[in-house]
Amino acid sequence: MKSTMIRKVDKKKRDRKSLKKFHIEKKNWMKLLRLVGLMVGVICLLLFWAPLTVAGILNLGNITGIVLSIMWILYMIFTPVVHKLIGKWWTLRLAKVPMATTGVLLIICATLVVVESACMVGACMKQGTEASTAVVLGCRVYGERASLSLVERLEAAYEYLMEHPDADCVVSGGQGPGEDISEAECMYRWLVNKGIDPERIYKEDKSTSTEENIAFSKEVIEKNGLFEKIVIVTNEYHIYRAGMLADDNKMVWGAKPAQTAVWLFPTYYVRELYAILAEWILY
């Protein structure tokens, strides 16, 4: 009887030690996960901050990224406090509705991001036909110099034109504030300097938006008797929305995505999420 009681006591001690060890290991793993999460947040903050410090780019994309990165970093630092507050607020009847609503909104936002991202990827994989006209969408010009994003698009256009010697292209983009020449003229000069025959390049220099890029390029194609099927040349994040607009204009299209610089991609990707959502809602 006595030995049985001793065994039970020993078992309880072992169970307590095992439980204590489990809690310690769990606590260490949580610290490690928070450290990794903190590092991810800092990296994201730097990526969204880089366009602002390097090129003075500030838009809805990196504003959103900076705010969310800071919120994530603070959450990683104060995780126990945040969880304690959430648990406390959840016991309050008045707080349950706004907290549940916030949770639902977060789920909706996450779902939208996944769906839009899938649409972007799918659009980039859409192949064009052999008999197509390349439509190169404009981007910012500094004076007479192409921006990095525009150069990325031009490099993709040059590659396409070299691979398809029978294809012509329409360079599309008007002249905006701070631009000494139109985006179309800048693209024309760049491609000619790279050795592309000027007779293969048609300028559309009136557009001020992606919608006008597509619509006005269609007019140029019809006026000059070019291949009606098009290959859209722009950055990968931009292909899907441009394709939607091509669909609206009854144009058959394929994609030639330009690769965006790593330090610029997060900013423009997030901004494009807003643009696609606006396109879905408003048009």
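In strand β4, the bridge partner of Leu137 is Ser172. This pairing belongs to a predicted model, in which β1 and β4 run parallel and are joined by four bridges. On its other side, β4 is connected to β5 by four bridges, again in the parallel sense, and Val171 has Lys203 of β5 as its bridge partner. The residues of β4 alternate in direction: Cys169 and Val171 point one way, Val170 and Ser172 point the other way, and all are buried.

**The sheet**

The sheet is open and consists of five strands in the order β5-β4-β1-β6-β7, with parallel pairing. Its edge strands are β5 (201-204) and β7 (253-258), each of which pairs on one side only. From one strand to the next, the twist averages 25 degrees. In general, the strands of a sheet pair through backbone hydrogen bonds, in either a parallel or an antiparallel arrangement.

Strand β1, residues 133-137, also pairs with strand β6, residues 230-235, in the parallel sense over four bridges. Within this pair, Val135 stands opposite Ile232 of β6. Strand β6 in turn pairs with β7 over six bridges, also in the parallel sense, and there Thr234 faces Pro257 of β7. Strand β6 is mostly covered, with six of its six residues buried.

Helix α7 (residues 210-224) lies across four strands, namely β1, β4 (169-172), β5 and β6, and runs at about 130 degrees to β5.

**Helices α3 and α4**

Two packed helices are described by the angle between their axes and by the distance between those axes. Helix α3 (residues 79-90) packs against helix α4 (residues 93-124) at an angle of about 125 degrees, and the two axes are 8 Å apart. Because this angle lies outside the 65 to 115 degrees that count as roughly perpendicular and is not over 145 degrees, α3 and α4 are oblique to each other. On the α3 side the contact is made by Ile86, Trp89 and Trp90, and on the α4 side by Ala95, Lys96, Met99 and Ala100. By class, this contact comprises six nonpolar residues, one charged residue and no polar residues.

Does the end-to-end distance of α4 agree or disagree with the span expected for its 32 residues? At 1.5 Å a residue, α4 should span 46 Å, and its end C-alpha atoms are 48 Å apart, which agrees.

The buried residues of α4 are Ala95, Glu116, Ser117, Met120, Ala123 and Cys124. These buried residues pack against α3, α8 (239-248), β7 and α9 (265-282). An α-helix has 3.6 residues a turn, so residues three or four places apart point the same way.

**Individual residues outside the sheet**

Four residues in helices or a loop are compared below by their accessibility.

| Residue | Relative accessible area | Class |
|---|---|---|
| Val82 | 26% | partly exposed |
| Ile107 | 56% | exposed |
| Val113 | 34% | partly exposed |
| Lys250 | 72% | exposed |

Val82 is located in helix α3. The C-alpha atoms of Val82 and Thr102 are separated by 15 Å, the two residues being 20 residues apart along the chain.

Ile107 belongs to helix α4. With a relative accessible area of 56%, Ile107 is exposed, because the class begins over 50%. Between the C-alpha atoms of Ile107 and Ser69, 38 residues apart along the chain, the separation is 18 Å.

Val113 is likewise a residue of helix α4. Which residues does Val113 contact, leaving aside its neighbours within four places in sequence? Those contacts are with Tyr269 and Leu273. Val113 and Leu277 are 164 residues apart in sequence, yet their C-alpha atoms are 9.7 Å apart in space.

Lys250 lies in the loop between α8 and β7. Most residues other than glycine have a negative phi. Lys250, although not a glycine, has a positive phi of about 60 degrees. The relative accessible area of Lys250 is 72%, and the residue is therefore exposed.

Key: Residues numbered from 1 in each chain as written. Predicted model: local features only at pLDDT ≥ 70, side-chain atom pairs only at ≥ 80, totals over all residues. Heavy atoms only, no water. Pairing = 2+ DSSP bridges. Helix = DSSP H or I, 4+ residues; strand = E, 2+ residues; numbered from the N terminus. Axes fitted to C-alpha atoms, helices over the stretch in contact; angles between N-to-C directions. Contact = heavy atoms within 4.5 Å. Parallel < 35°, antiparallel > 145°, perpendicular 65-115°, else oblique. Nonpolar A, V, L, I, M, F, W, Y, C, P; charged D, E, K, R; others polar. Expected span 1.5 Å × (residues − 1). Buried < 20%, exposed > 50% of the residue type's maximum accessible area, 1.4 Å probe, protein only.
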